[in-house]
Structure formats: C-alpha cells, structure tokens
Amino acid sequence: NTKEFAGWVGRTKRKKVHVISTHKRPVPLEHFLYTGNSAKTSKELFPIVQPNGAFNNTGYLQAVDAKKQRAKPTDKFGPKGARNHASASQDMNIYKSLVQSLEKTEQLPVVCFTFSKKRCDENAGNLRSLDLTTTLEKSRIHTFFKQSVDRLKPADRKLPQVRRMNDL
C-alpha cells in the first residue's frame, strides 16, 4: 500500500511525505517469459502480458513449445509439469544469458523475482562478474553506499547484510 509505505518513510525520515498517484503508467508494464538457458537459446523471450494488461496466450504457448523442444521425453509442461528446479550455477547461466540478451537489445534495466532469500543471495553473489555500469556510475554507487553506511549506527555497519552489500 503506497500510503502505508509513505507513512513509514515519513516516520523514518521525520518528514511529511505526500503520495501522488495516477492510473496511467509513464512506462508500459510488459511481462515476458524467458525460456533460454544459454547463448544458443538467449533469444527465447516471449511476451505473455501486453502493455494494456491483456494476457498473450500466443506468447505463452510459444514459450511452452520452446521448452518442450529441449525437454527429455519424461518431462511434462504446463501448470503442473516441469517442477525440476535449477541449481544456483544453472540459475547463474540463465541470468547471464538473459542479461546479455537484454543488453544487446537495449532492454535493460530489468526486474527479476526470486522468492527465496537464500537463492537471491546466491544469485547476487554468482552474478558479481556481470559489469553493467560505467566507471562514473560505479563511482556514484560507491559514494552513495558509503554515505548511507556512514549514517548507520557503528554496530549496524557490521551487520552481515551490510557487509555483503559492500562486497557486491
């Protein structure tokens, strides 16, 4: 809820926060299903929700078909099939392939969801080798992070999650 979030930010910063909302998105939201897992299959990016919010059944069926073409005969696909989960190293290859493909087509930045904190941490660590920022951007990020950490209490600066962010 935006008002709850704004209230929390206001209490945290001890400042009044105003919420301005609109139903029109400045950038259309689109959903894609990526089925690639290597450079060879990196173009397997299928639109499944159109900017107007309509589900794209054709894109979904193309994604399912692309997965079926690489599947073992025992694999099943669809709502209840193909529940084999990728390892962290397989995830790393998939994410690297996806990011490189999106970078080539100038579609970055992107948001990916990982529903496990442990897996999110693993993915962040495994993807440290991806270089997506310029020297100037790196400098700005470093400065911002340092200033943010300097505002923490000394004990909080030593928290594992803060140290981990510094390593990333």
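Modeller: Before we start, accessible areas here come from the Shrake-Rupley method with a 1.4 Å probe. Keep in mind, too, that this is a predicted model.

Biologist: Got it. What share of the accessible surface of the chain belongs to carbon and sulfur atoms?

Modeller: Take the whole surface of the chain, which comes to about 14000 Å². The part that belongs to carbon and sulfur atoms is 56%.

Biologist: And in what order do the elements of the chain run from the N terminus on?

Modeller: The chain has seven helices and two strands to place. Reading from the N terminus, the order is α-β-β-α-α-α-α-α-α.

Biologist: What radius of gyration does the chain have, next to a compact globule of 168 residues?

Modeller: Let's look at the extents beforehand: the C-alpha trace spans about 55 × 40 × 30 Å along its principal axes. A compact globule of 168 residues would have a radius of gyration near 15 Å. For the chain, the value is 20 Å.

Biologist: Is Thr134 buried, partly exposed or exposed?

Modeller: Thr134 sits in the loop between helix H4 (117–126) and helix H5 (135–150). Buried would need under 20% relative accessible area, and exposed over 50%. Because Thr134 has 43% relative accessibility, it counts as partly exposed.

Biologist: How far apart are the C-alpha atoms of Thr134 and His31?

Modeller: Along the chain, these two are 103 residues apart. In space, their C-alpha atoms are separated by 27 Å.

Biologist: Last one: how far apart are the mean positions of the positive and negative charges?

Modeller: The chain carries 32 positive and 15 negative charges. Take the mean position of each set, and the separation is 6 Å.

Terms used
Residues are numbered from 1 along each chain as its sequence is written. This is a predicted model: local features need pLDDT of at least 70, side-chain atom pairs count only at pLDDT 80 or more; totals for chains, interfaces and linings use all residues. Side-chain values use heavy atoms; hydrogens and water are left out. Helices (H or I, at least four residues) and strands (E, at least two) are DSSP runs, numbered from the N terminus. The radius of gyration is taken over C-alpha atoms; the globule rule is 2.2 Å times the number of residues to the power 0.38. Lys and Arg count as positive and Asp and Glu as negative; His and the chain ends are not counted. The place of a charge is taken as NZ of Lys, CZ of Arg, CG of Asp or CD of Glu. Buried means under 20% relative accessible area, exposed over 50%, partly exposed in between (1.4 Å probe, protein chains only).
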